[in-house]
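Please open the structure in your viewer and keep the selection panel at hand. The stops below say what to select and what to look for there.

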Amino acid sequence: MKILVCIKQVPDMESKFKLNSEGNWYDNSDLAWRMNEYDEYAVEQAVQLKTQVDEADLTVLSIGPDRVKEMMKKALAMGCDRGAHISDDDSFKKDPYEIASIIAAFAKDKEFDLIFTGMQSQDRGSGQVGVLVAETLGIPSITTIVDFAFAAGQITAKRELEGGIKALIKTTAPALLTCQLGLNTPRYPTLPNIMKAKKKELLSIPVAELHKVASKQETARMYFPEKRGGGLVLEGAVGNLADQLIKILKDKTGVLA
Amino acid sequence: MEFTREIYWNVGSSVGVLIPMYLLTLTAFAVLCYGFWQRVKVYRLGQELNRTDQLDRRIIDTVRSILLQSKLLRVAGPGWTHAFFFWGFLLLFIGTCLIVVQADFTDPLFDIKFLTGTFYKLFSITLDIAGLVAIVMLAGLFIRRYIVRPEGLENTKDDLLMHGLLFAILVTGFVIEGARMAVTELGTPLAIWSPVGLVFAKAMAALDHEALRSLHKTTWWLHLLLVIGFIISIPFSKFRHIFTTSANYLFADRGPKGNMVTLDLEDEAAESFGTAHLTDLSWKDIFDADACTVCKRCQDRCPAYATDKPLSPMKVVNQIGEVAFTSPEANLIETVSTDVLWACTTCRACQEICPASIEHVNKILDMRRNLVLMEGEFPGEEVMTAVNQVEVNGNPLGIGYATRGDWAAELGVKLLSEDPDVDILYFVGCYASFDKRNQAIAKAFIKLCMAAGVKVGILGKEEKCCGEPVRKMGNEYLYQSVAAENIALIKQYRVKQIVTTCPHCFNTLAKDYRDLDFDTPVEHYTVFLEKLLGEGRLKFTPGEAISCTYHDSCYLGRYNDIYEAPRALLAAAGIKLNEMIKSRAESFCCGAGGGRIMAEEKLGSRISETRVKMAAETDASTLISSCPFCLTMFEDGVKGAELEGQLTPKDITEILVERLEA
Amino acid sequence: MKTLLVAEYRDGKLLNSSYELVAFAQQLGAESAMFLVGAESVLPAYNGTLYLADVGKYGEYNPAVHKQLLLDVIAKEQPDMVVFSHSSYGWDLAPRIALALNAAQISEVVDIIDGVPVAPACNSKLRRDVKAKTEQIILTLQGGAFGLEGAPNGTPTVVPIDTDVAAQVEFCGYEEAEAGGVDLSRAEVIVSAGRGIGKPENLAIIEALAKALKGEYGASRPVVDSEWADHSRQVGTTGQTVSPKLYIACGISGAIQHLAGMKKSEFVVAINTDKDAPIGEVADVLIVADLKEFVPSLTAKIQAL
C-alpha cells in the first residue's frame, strides 16, 4: 500500500506578523515556523494507517524553501518513510491551483492508494488544495474528516458539519482525505525515531520539474484588518472598568433595561 | 578487693561451651554473608556508577554520619530516640567485643586481663547505663510505632521482629547480669557500678543460689541464641539497614546537588533512554531500596503526597526494591504508575531529609525520560503543547519569540546584539520575559542594577528557554538542543557574568550547562544584589513596616543552599520576617517545579493553595518569594484559597525597588 | 453581473446561511439564480429561478453527482460568479467546480471592496485582497459576513434538474452531536468562556455573570475539547452560530472558527489580558483585564443594580 501525506510549513500564529515590502504577503522575519496544524492530523492518520496495514510505504511531501525540510524531518520522525521536498523559494506566491497541480504532477504516476492533507492551511486558509489534487487525479475525496477507518480497501470516514453533527461517508481507495481538528492527537516523536528520521530519504525536487500551470488568482494586497466599531479599548482598575462597562451596556444595549 | 568479674562465670569456658558458641557464631556470620551476597547479586543487575571517588572524604563523612547520627537528628523526636538507642547498642556491642577479646584471646593466650580496676568499673557502669538507655529508647520507639503511630507509618513483620528481638536481647542481658550479681556481687562495693544489674539482682535475691545459677545458665544460652538469631536475620529483615544505610552514606551522591546525567543522545549503540526496567537503573538505585528504613520522612515532606496525589517518594523507592528482589523483569514504570511519576515537583524535600542518603528524584526523572523519549508520552496535552512551544517559540507559553525582549524597551536595556560590552548578562527567562506579572520583576531588577551602576544587557529575542521545565518533564533531547543554542550565543558574546531572576534558570545555567562545556559564572539575583549591598552600591531606606513572610524556592534553597542572601536583602530594606512553619531546607514547594508549571494539577488538592495557607498562618500580609514560578503559583494560590486582599504575593525585587534610597 | 447561488439543505431543512448568499448578491447588485439539492416541500423564500435537484434521489452529500448537477446549471446560466457558503458543503464542492470550469476560487470571502474579494489570512490576524485572473470566479462566503436586511421573502420559479452521473462516495447518514444541550441560538445574552479562564473551576464565574444577565453561558472550542463544558455550549463554526443582543467573550483570543460563530451578535464585549488578541477585531468594547478579577466584580455590580 502506498500512502502520501502533504504538509505545509506555516508561521506559528502567535508570531509577530509584519508585511513584506511588496505589501502582498507577510514578511518572513521574526516568524517561528511549524507544521500546519491540520497537516499534523494528516501525518498522524497516515502513520496510524501505515501501522495498521502491512507493507505500507508512506511518503511525505512539502513544497517550499529549504527550511521546510526541518518540518519534514518531524513528519519522518513521526513515522513517514520517505520525504519529497519540492524545492520552491516562491511557494508563497503560488495559488491553491498551482500548488495542487504540482502535487498532482508528483503523484500522477505513483499510484498512491491514499492521500492525506490538512483541511486547510493556517496562513492562507483557502481549503482547496486537497480537493483540487483529488479532482486532478480523478479520485474521490472526503473533506474535513474527524474520524477514519480503513478495512479491505473500504474507507469509512466521518465529516464534521456545522453544529457538531457528523456525516458518515464511505468510499473506496484510491481516495484523498482532508483532515480536521479532532481527528486524532498527533504523536510526539520518540528519540530513536528522531534519530532514524535523520537517515531517511529526503529528496529535493526542483519545483520547475512539476510546475506546469499558470496561477488563477493572486493576493494583490495584504494588510491588518481595521477594528470594528472603533473598538473601544478600556484599561485600568477592575472596579472602574466594571462601572464603565455597565454604563455602556445601558446606553447601547437593551439587556440591562 | 579486685574490681573485675569472672567471664564465663557459671557457664564455664570449657570446650563444651566454647565450641558450640563459636560454631554458632561463625555459622551466623556465614549466613549473614551469604544473605548479603544474594542481595549484592541483585544490586549488580544495575548499571555501573562510580561512587568510590574521593574515598577518603567519603569514609570520614560516613563515619561521622554514623557515629553522630547527624542525618537522623534532623527530625528531633524519633531522631534522638534512635540515636540514643544506637549509641547504647553500640556501646553494648563494643563491650561484648572487649569481653570476647579478653576472655578468648588476650587472657588465654597472653594472660592479659584489662577488664579490671577502675577501667572495669567504668566499663561496667557504662554498659549498664547503655543497656538501660537502649531499653528505654526501644520502649519509646515501640510506643511511637504501636501506640501513637503517626500518620503514614506502616508496620510490618520486620518491625515486630526487630522490636521483639532487641528487647529480648537487652532484657536477657540484664537477667544474666542480675542472676550473676545476686550470687557474686550483692553486698560488695562493686555492685553499685552495675546499678541496673543491681536492681535485677535484688529482685532475684529471694531465689537460692542453685536456682539463680540455673536461671543464669539457661538465660545465658538463650541470650546467645537470640544474638545469633539477630545476626542471621540482618540480611533478611529491615535489620539490614545497619549495614546498607551506613554503606549508603559511603556511596552518597556528592553533588552538585540535583545533577542529572546528561545523556549522550548521539550514542548509536543506545537502544533505550531513561529507565523502564530494573537493569536501566544504576546499582546505587537498587541499593537505595535496601538502604530505606521506611521512616517516611520523605513522604511527610512530599508536597504531592500532602495534597492527596498518588506519589510517595518512599513508596517509589520501595517498589523498586520489590521489583528488584521479586520480579526483576517487571516494567518499573507500570509498577510505579505514570500518575505517580508525573506528580513529582522535583522539590528535593525527600532527598534533603532522607536519613539514608537515598536519591529519590533522579529515579523518577529517569522514568519520565523513558516515557517522553521512548514513548512520546506526557502528563497531558497541555504539556505536549507547551513542550512543542518551547521547540517552536523557545518558550512554554507559546508566545511569539520575537516579542521576548519587548518588556525592556521602555527601560533602555541594551541587547547584546547591539552592545555586548556589559557588566552582566541578565538571563531573563520565559516568565519574566512574557508574563505581565513577572515582567514587573524583570523591570524591578533592572532598576536595582541601574541604581547600583551596573550595566546590564539582555539577549532579547535571541534568548531561549533554559530548558529546565522540559528537561524535568523528561525531554532531554529538547533540553540539550535549546541549551546548545543558548550556550553558543552566550559564548559568542563573551559574557563575563550572568545573573538570573529565576532559580530554575540559575540552577540550569550554573550547574546543568556545565556538562555541555559552559563555564560562564552564573548568579541568582539575590546573591548578586547582596554583593552590591555589601559593596555599598545599593542602599535602602526602610519604608513602612509590613508583615511579611518569605518562601524559600526549592531551586534556590534545597538545590543551592541559598537561604541567607534573600533574607539579608530583605533585612537591609527593613523587612522583618515571620517565618512559616516550613521554611529554609524544610520549605514546602509551590507546586511548579519539575516542569509542573506547564501541567494542569488534575489530582488531589492544589499545592499552591496549601502553601499560601501556611503563609497566611503567619499573619503576614505579604508573601515574598524570589522565583517567577513561585510567584505565578502564589498569584493563583491566593485566589484559590480565597486569600485575595489578605495576602499579596511579591518578589524580593519589588520590595527592594520600592525602598531604594533616593 | 450574474451570480449563481448554491443554497444548502440538510436533514429536511433549508439552511439559513443560504440567505447570506442572497444578501451577497443584493449587496453586489447582481442578478442571481439559485441552485439547490433539496426538496419541493422546503423551498427558499427567494424571488428568482431555483434549479432544484431532488435530495431523495441525489443525496445530501454526494460531491461527484452534485458537481455534475451544478455544472449543468452553470453551462446553462453562464454566471460570472458561483457563490457558496464557506461551509462543510461549500468548501467541499467549490474546488471541484473551480477545477472543472478552470476558474479561480476565492475562499472565505468576508467582504467585496471595489469588486475585489477580501479574505482573511493567518487566523484573521491579516486580510488579503484577492484578484482573480479568470473570467468566471468561484467564491465561498464566510458565515455571518453578509447578512440579509429583514426577513427573506419571495417564491422561486422552480426548474427541476437531473443527471445520471455515478456517485464516488456513499453518504450513510448523520451522527448527532451529544444531546442534553442548550439552544444558544435563541439566547439574547451569551457569556462565553475561552481557554483564558485557566481552569475548569473558573467556568463558575462565567456562569454567574450569564445568570446575572439572564442569559446563557457558552464556550470556545478549546474549552469544550478539554471537556470543561458540554459540546452544546460551543460557539463557533464547529458548534453553534449565535446572534444574541449581547455577547461577552471572556478569555477568548478569537480563533477564526469562533469569530465566525459569534460575529452576528449585536454588541460584543471582549475581556482579555491581551490587547492585541484577534477578538478585539470584532469587539465593540475590549476590556483589558484579568477576567478572574473583572468578571466577579462585574457580576456583583450587575446584581446590585
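**Stop 1: Chain A as a whole**

Begin by selecting chain A, where, among contacts between residues at least 6 apart in sequence, 70% join residues at least 24 apart. Keep in mind throughout the tour that this is a predicted model. With a secondary-structure colouring switched on, chain A shows 6 helices and 13 strands, and its C-alpha atoms fill a box of roughly 65 × 45 × 40 Å along the principal axes. Of the 257 residues in chain A, 51% are buried.

Now colour chain A by its domain assignment, which gives domain 1 as residues 2-209 and domain 2 as residues 225-257. Taken over C-alpha atoms, the centres of domain 1 of chain A and domain 2 of chain A are separated by 43 Å.

**Stop 2: Where chain A meets chain C**

Next, show chain A and chain C together, and select the residues in contact between them: 65 residues come from chain A and 69 residues from chain C. On the side of chain A that touches chain C, the elements that each supply at least two residues are α4 (129-137), β7 (141-151), β8 (154-160), β9 (166-172), β12 (217-223), β13 (232-235) and α6. The largest share of that side, 10 residues, comes from α6(A). Sorted by class, the side of chain A that touches chain C has 29 nonpolar, 19 polar and 17 charged residues.

**Stop 3: A pair of helices across the contact**

Which angle do the axes of helix α6 of chain A and helix α8 of chain C make where they cross? Select residues 238-252 of chain A for α6 and residues 291-304 of chain C for α8, and you will find that the axes come within 9 Å and cross at roughly 50°. That angle makes α6(A) oblique to α8(C), and the crossing of α6(A) and α8(C) is right-handed.

To see the residues that meet, display V238(A), G239(A), L241(A), A242(A), D243(A), L245(A) and I246(A) from α6(A), together with E293(C), F294(C), S297(C), L298(C), K301(C) and I302(C) from α8(C). The residues of this contact of α6(A) with α8(C) divide into 8 nonpolar, 2 polar and 3 charged.

**Stop 4: The domains of chain C**

Hide chain A and stay with chain C, whose domain assignment gives domain 1 as residues 2-160 and domain 2 as residues 184-304. The C-alpha centres of domain 1 of chain C and domain 2 of chain C lie 31 Å apart, and 8 residues of domain 1 are in contact with 10 residues of domain 2. On the domain 1 side of this contact in chain C there are 1 nonpolar, 6 polar and 1 charged residues.

**Stop 5: Chain B and an enclosed helix**

Finally, select chain B, which has 27 helices and 8 strands, and whose C-alpha atoms fill a box of roughly 100 × 60 × 45 Å along the principal axes. Buried residues make up 47% of the 662 residues in chain B. Among contacts in chain B between residues at least 6 apart in sequence, 80% join residues at least 24 apart.

Is helix α9 of chain B, residues 283-291, largely enclosed or largely open? Because 8 of the 9 residues of α9(B) are buried, the helix is largely enclosed by the rest of the structure. Display the buried residues K284(B), D285(B), I286(B), F287(B), D288(B), A289(B), D290(B) and A291(B), then add α1 (15-43), α8 (241-250), α12 (313-326) and α16 (361-375) of chain B, against which the buried residues of α9(B) pack.

Conventions
Residues are numbered from 1 along each chain as its sequence is written. Chains are lettered from A and ligands numbered from 1 in the order in which they are written. This is a predicted model: local features need pLDDT of at least 70, side-chain atom pairs count only at pLDDT 80 or more; totals for chains, interfaces and linings use all residues. Domain bounds come from an automatic or database domain assignment. Two residues are in contact if their C-beta atoms, placed from the backbone, lie within 7 Å. Ala, Val, Leu, Ile, Met, Phe, Trp, Tyr, Cys and Pro count as nonpolar, Asp, Glu, Lys and Arg as charged, and the others, Gly among them, as polar. Axes are lines fitted to C-alpha atoms, for helices over the stretch in contact, and angles run from 0 to 180 degrees between N-to-C directions. Helices (H or I, at least four residues) and strands (E, at least two) are DSSP runs, numbered from the N terminus. Angles under 35 degrees count as roughly parallel, over 145 as roughly antiparallel, 65 to 115 as roughly perpendicular and the rest as oblique. A crossing is left-handed if the near helix is turned anticlockwise from the far one by less than a right angle, and right-handed if clockwise. A residue is buried if 20 or more other C-beta atoms lie within 10 Å of its own, exposed if 12 or fewer, and partly exposed in between; C-beta atoms are placed from the backbone.
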